[in-house]
Amino acid sequence: MSELELFAADEEAMLVFGARIAEVSGGNGLIYLHGDLGAGKTTLSRGIIRGLGHVGAVKSPTFTLVEPYEIGALRAFHFDLYRLVDAEELEYLGIRDYFDGDALCLVEWPQRGAGVLPKADMDITITPRGAGRALRLQAQGERGNAWCAALATGT
Ligand SMILES: Nc1ncnc2c1ncn2[C@@H]1O[C@H](COP(=O)(O)OP(=O)(O)OP(=O)(O)O)[C@@H](O)[C@H]1O
Ligand SMILES: [Mg+2]
């Protein structure tokens, strides 16, 4: 499976990468966002959701677990599972409705939902590097590979 390493020197660069990811995804798929507290997962999500065309705030869904977005004909769901006690809780949230349809799903702290969450198209791991952030994109499957290829060639 393909992999890509990127460097975002500041928050603005992170938002730009997010917009590129939104573009190549076409608004469909599942992305797991890994990284410690404060790594920049919500910042990247904000870039992705705005890249899909959302105008306005993208808040951290830390307390709500999931924040839905309707952007014209596109839909996005932004999860933060940090406070999830048990992966089974996801069943009560009705997660199949989120992941079965045409939508782009972003999941912070996906390890909290292990065993219940579907397989991701891409894992993105964010780690501090100097004052900026290193992003490691790992494709999982055909769709993720296509995204990586598009991101690498800038198409
Ligand atoms: N590429 C970057 N370079 C430097 N700072 C960044 C970068 N991206 C994000 N930040 C900063 O990192 C901080 C934390 O970001 P964010 O809230 O996105 O983290 P998070 O990974 O979602 O954390 P949590 O696990 O608590 O949800 C913010 O102050 C943001 O401005
Ligand atoms: Mg966050």
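Here are some short exercises, each with a worked solution, on a predicted model.

**Exercise 1. Find which residues coordinate the magnesium ion (ligand 2), and work out why the pair ties together parts far along the sequence.**

Solution. Start at the metal. The magnesium ion (ligand 2) has T42 and E108 as its coordinating residues, through OG1 of T42 and OE of E108, at 2.0 to 2.2 Å. Next, place both residues in the fold. T42 belongs to helix α2 (residues 41–51) and E108 to strand β5 (residues 104–108), so the pair links parts that are 66 residues apart in sequence. Last, check the surroundings: both T42 and E108 are buried.

**Exercise 2. Look at ligand 1: which residues come nearest, and which polar atoms lie by its nitrogen and oxygen atoms?**

Solution. Begin with the neighbours. Ligand 1 has 19 residues around it, and the nearest are E11, G40, K41, T42 and T43. You've met T42 already, as a residue that coordinates the magnesium ion. Now go through some polar contacts one at a time:

- A8 offers a polar backbone atom, 3.1 Å from a nitrogen atom of ligand 1.
- E11 has a polar side-chain atom 2.5 Å from an oxygen atom of ligand 1.
- R133 also uses a polar side-chain atom, 3.1 Å from an oxygen atom of the ligand.

**Exercise 3. Work out how many disulfides the whole structure holds, and why C105 and C148 don't form one.**

Solution. First, the count: a search of the whole structure turns up zero disulfides. Then take C105. Its closest cysteine sulfur is the one in C148, but that's 19 Å away, so a bond is out of reach. A disulfide would need the two sulfur atoms within 2.5 Å. Finally, see where the two cysteines sit. C105 is buried, at a relative accessible area of 1%, and C148 is buried too, at 3%.

**Exercise 4. Test whether the length of helix α5 agrees with its number of residues, then say which of its residues are buried and what covers them.**

Solution. Helix α5 covers residues 142–153, which makes 12 residues. At 1.5 Å a residue, the expected span is 16 Å, because the rule multiplies by one less than the number of residues. The end C-alpha atoms of α5 are 17 Å apart, so the two values agree. Now look at the sides of the helix. The buried residues in α5 are G144, N145, W147, C148, A150 and L151. Their cover includes β1 (3–8), α1 (11–25), β2 (29–34), β5, β6 (122–129) and β7 (132–139). Just after the helix comes G154, with a positive phi near 75°.

**Exercise 5. For L65 and W109, find the value of phi, the loop each one is in, and whether each is buried or exposed.**

Solution. Take L65 to begin with. Its phi is near 75°, which is positive although the residue isn't glycine. L65 sits in the loop between α2 and β3 (66–71), and at 11% relative accessibility it counts as buried. Now W109: phi is near 55°, again positive in a residue other than glycine. You'll find W109 in the loop between β5 and β6, and its relative accessible area of 12% makes it buried.

**Exercise 6. Start from L6 and find what it contacts beyond its neighbours within four places in sequence.**

Solution. L6 is part of strand β1. Setting those neighbours aside, L6 touches F17, R133, A134, L135 and L137. Take L137 as the example: L6 and L137 are 131 residues apart in sequence, yet their C-alpha atoms are 8.0 Å apart. R133 should look familiar, since its side chain also makes a polar contact with ligand 1.

Key
Residues are numbered from 1 along each chain as its sequence is written. Chains are lettered from A and ligands numbered from 1 in the order in which they are written. This is a predicted model: local features need pLDDT of at least 70, side-chain atom pairs count only at pLDDT 80 or more; totals for chains, interfaces and linings use all residues. Side-chain values use heavy atoms; hydrogens and water are left out. Donors are N, O and S atoms within 2.8 Å of the metal (3.2 Å for Na, K and Ca); water is not among the atoms, so sites may look incomplete. Helices (H or I, at least four residues) and strands (E, at least two) are DSSP runs, numbered from the N terminus. Buried means under 20% relative accessible area, exposed over 50%, partly exposed in between (1.4 Å probe, protein chains only). Contact means heavy atoms within 4.5 Å. A residue is near a molecule or strand if one of its heavy atoms lies within 4 Å of it. A polar contact is a pair of N or O atoms within 3.5 Å; within protein, one must be able to donate a hydrogen and the other to accept it, and residues adjacent in sequence count only if both atoms are side-chain atoms.
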